[in-house]
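Trainee: I should like to learn how to read the features of a structure that is new to me. May we go through one together?

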Amino acid sequence: MLPRLRTTLDFIPSPFEDKPGLVIRDPFHFSDATLIVPPALIECLQFFDGEHNALDLRAHLERLTGDVKAGVIESNLLQGLSDAGFLEDENFAQQRSKVERAFAEASFREPAHAGSGYPGEPGELRATLTGYLNGAKSNGSVAGRVLAIAAPHVSPFGGVDAYRAAYSALTPVETDRTFVILGTSHYGHPERLGLTRKPFVTPYGEAVTDTRLVDELERKLGPAALMEDYCHAIEHSIEFQVVFLQHLFGPRIRILPVLCGSYVRSIYEGGLPEDDENVRRILGALGEMGAREDGKLLWVLGVDMAHMGQRYGDRLTAIAGRDEMAEVEQRDRVRIARMESGDARGFWDLVQENQDDLKWCGSAPIYTFLKAVPQARGELLGYQQWNIDEASVVSFAGMRFHAA
């Protein structure tokens, strides 16, 4: 049998007029290769499903080309996909093992998105973030110390208004607290947390990871946590928060970086997330930690909200603030109201409607926070929609939370 094509790859139409076809790349960066499959060969990819063999592919190519010597094309296609690490074969297993081992053995979590999501040079980064936050004032009408904020994890240049709203809620008195960053895990296992003891390095310097709390979570969570989860190496939802926090409080901030896998079982099969034993452990352990460390922690949620339009599998052409997206805003705001009131169950009921047709990728970190910190009450500081491309929109918000 032919090996399966990896399901975790990105497939996008080629943007090059002189090289039409389908671009394949690896968002996990197990492989740095990029392939462009010519239009005539795109349908051949369906044979890499673990159920067809090389003879099936060769017969298809012979019908497609009219050439009985199509075995050369077959061989080249198979070899190219395998060499790139795009097939579930021994070559990919070795590549994956090597990359994951390198991350596990590394002393630091290197900045994966410096130079792309934000400037990679310290002076330019400082000037850029100062510009993003320019005009921000201490935000929120609620008196008392901030318990948490919710900020986007979209590229900062796309979510400036929401980032500004969220981070303007913080003041210098927060400097000595441990920032518990609950980030969306776009690549990790569902119903699991991804943990790491590694310090996060950015152009500003090295943030300090609170290994005492990491050790506690590892001990209590057991199989509900993945230690030194490779997803940390490539994930942006925590890295962007670290950069903003360092900008405000200096490079040596103390953090607890936690990646929250999606709660897909509950969304698609019903019931509550904590009906799963792993999720029950997660909520319990974080809740115990939050109660004991009350006042010493500041929770930071790195969360985007709705994902609508052609990039995300919808037929509609999504334009921020217009037509269907105006209705999406109304539905977003109903969910946000549940967050403001600390109503975890009410929030999750809305997520489960139509199996989350709004595609809130931040739903798991939000629910985790609301359950682990039940005294939290929120305030919406700014809502934003952004066209990530001409036909697709992401929504997000800046929020602050205080204790009821």
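The dialogue below takes up helix packing, burial, aromatic pairs and backbone angles in turn.

Mentor: Please keep in mind from the start that this is a predicted model.

Trainee: Let us begin with helices that pack together. At what angle do the axes of helix α12 and helix α13 cross?

Mentor: One reads the approach of the axes together with their crossing angle. For helix α12 (residues 344-352) and helix α13 (residues 363-372), the axes come within 9 Å and cross at roughly 160°. Because angles over 145 degrees count as roughly antiparallel, α12 is roughly antiparallel to α13. The crossing of α12 past α13 is left-handed.

Trainee: Which residues of α12 and α13 meet?

Mentor: From α12, the residues are A344, F347, W348 and V351, and they meet S363, I366, Y367, L370 and K371 of α13. By class, this contact of α12 with α13 consists of 7 nonpolar residues, 1 polar and 1 charged.

Trainee: How many residues of α12 are buried?

Mentor: Burial is read residue by residue and then gathered for the element. Helix α12 is mostly covered, with 7 of its 9 residues buried. Those buried residues are A344, G346, F347, W348, L350, V351 and Q352. They pack against α9 (264-269), α11 (324-340) and α13.

Trainee: What does the backbone do beyond the end of α12?

Mentor: Here one looks at the sign of phi. N354, which follows α12, has a positive phi near 55°. In the loop between α12 and α13 one also finds Q355, a residue other than glycine whose phi is positive, near 50°. D356 lies in the loop between α12 and α13 as well, and its phi is positive, near 55°, again in a residue other than glycine.

Trainee: Is D356 buried or exposed?

Mentor: D356 is buried, with a relative accessible area of 8%. Q355, by contrast, is partly exposed, with a relative accessible area of 39%.

Trainee: Let us turn to another pair of helices. At what angle do helix α6 and helix α10 pack?

Mentor: Helix α6 (residues 211-221) and helix α10 (residues 277-292) pack at about 145°, and their axes are 10 Å apart. In this case α6 passes α10 in a right-handed crossing. The contact brings R212, L213, E216, L217, K220 and L221 of α6 together with R281, I282, A285, L286, E288, M289 and R292 of α10. These residues divide into 7 nonpolar and 6 charged, with no polar ones.

Trainee: I should now like to understand aromatic pairs. What describes a pair of aromatic rings?

Mentor: Such a pair is described by the distance of the ring centres and the angle of the planes. With ring centres within 6.5 Å taken as a pair, the count here comes to 16 aromatic pairs. In one of them, the rings of F157 and W386 have centres 5.9 Å apart and planes at 85°, so the pair is edge-to-face. F157 belongs to the loop between β4 (148-151) and α5 (160-167), and W386 to strand β14 (residues 376-389), so this pair ties together parts that are 229 residues apart in sequence. F157 is partly exposed, at a relative accessible area of 48%, and W386 also counts as partly exposed, at 21% relative accessibility.

Trainee: How are the rings of Y163 and F244 arranged?

Mentor: Their centres are 4.6 Å apart and their planes at 10°, so the pair is stacked. Y163 lies in helix α5 and F244 in helix α8 (residues 239-249), so parts 81 residues apart in sequence are tied together. Y163 and F244 are both buried. Elsewhere, ring pairs link F28, F30, F92, F103, Y187 and Y230 into a cluster.

Trainee: How many residues of α8 are buried?

Mentor: In α8, 9 of the 11 residues are buried, so the helix is largely enclosed by the rest of the structure. Among them are F240, V243, F244 and F249. Just after α8, G250 takes a positive phi of about 95°.

Trainee: To finish, where is S107 found?

Mentor: S107 is in the loop between α3 (90-105) and α4 (122-133). At 55% relative accessibility, S107 counts as exposed. Leaving aside neighbours within four places in sequence, S107 is in contact with K198 and P199. The C-alpha atoms of S107 and F200 are separated by 9.7 Å, although these residues are 93 residues apart along the chain.

Technical notes:
Residues are numbered from 1 along each chain as its sequence is written. This is a predicted model: local features need pLDDT of at least 70, side-chain atom pairs count only at pLDDT 80 or more; totals for chains, interfaces and linings use all residues. Side-chain values use heavy atoms; hydrogens and water are left out. Axes are lines fitted to C-alpha atoms, for helices over the stretch in contact, and angles run from 0 to 180 degrees between N-to-C directions. Helices (H or I, at least four residues) and strands (E, at least two) are DSSP runs, numbered from the N terminus. Angles under 35 degrees count as roughly parallel, over 145 as roughly antiparallel, 65 to 115 as roughly perpendicular and the rest as oblique. A crossing is left-handed if the near helix is turned anticlockwise from the far one by less than a right angle, and right-handed if clockwise. Contact means heavy atoms within 4.5 Å. Ala, Val, Leu, Ile, Met, Phe, Trp, Tyr, Cys and Pro count as nonpolar, Asp, Glu, Lys and Arg as charged, and the others, Gly among them, as polar. Rings of Phe, Tyr and Trp (its six-membered ring) pair if their centres lie within 6.5 Å; planes under 30 degrees apart count as stacked, over 60 as edge-to-face and the rest as tilted. Buried means under 20% relative accessible area, exposed over 50%, partly exposed in between (1.4 Å probe, protein chains only).
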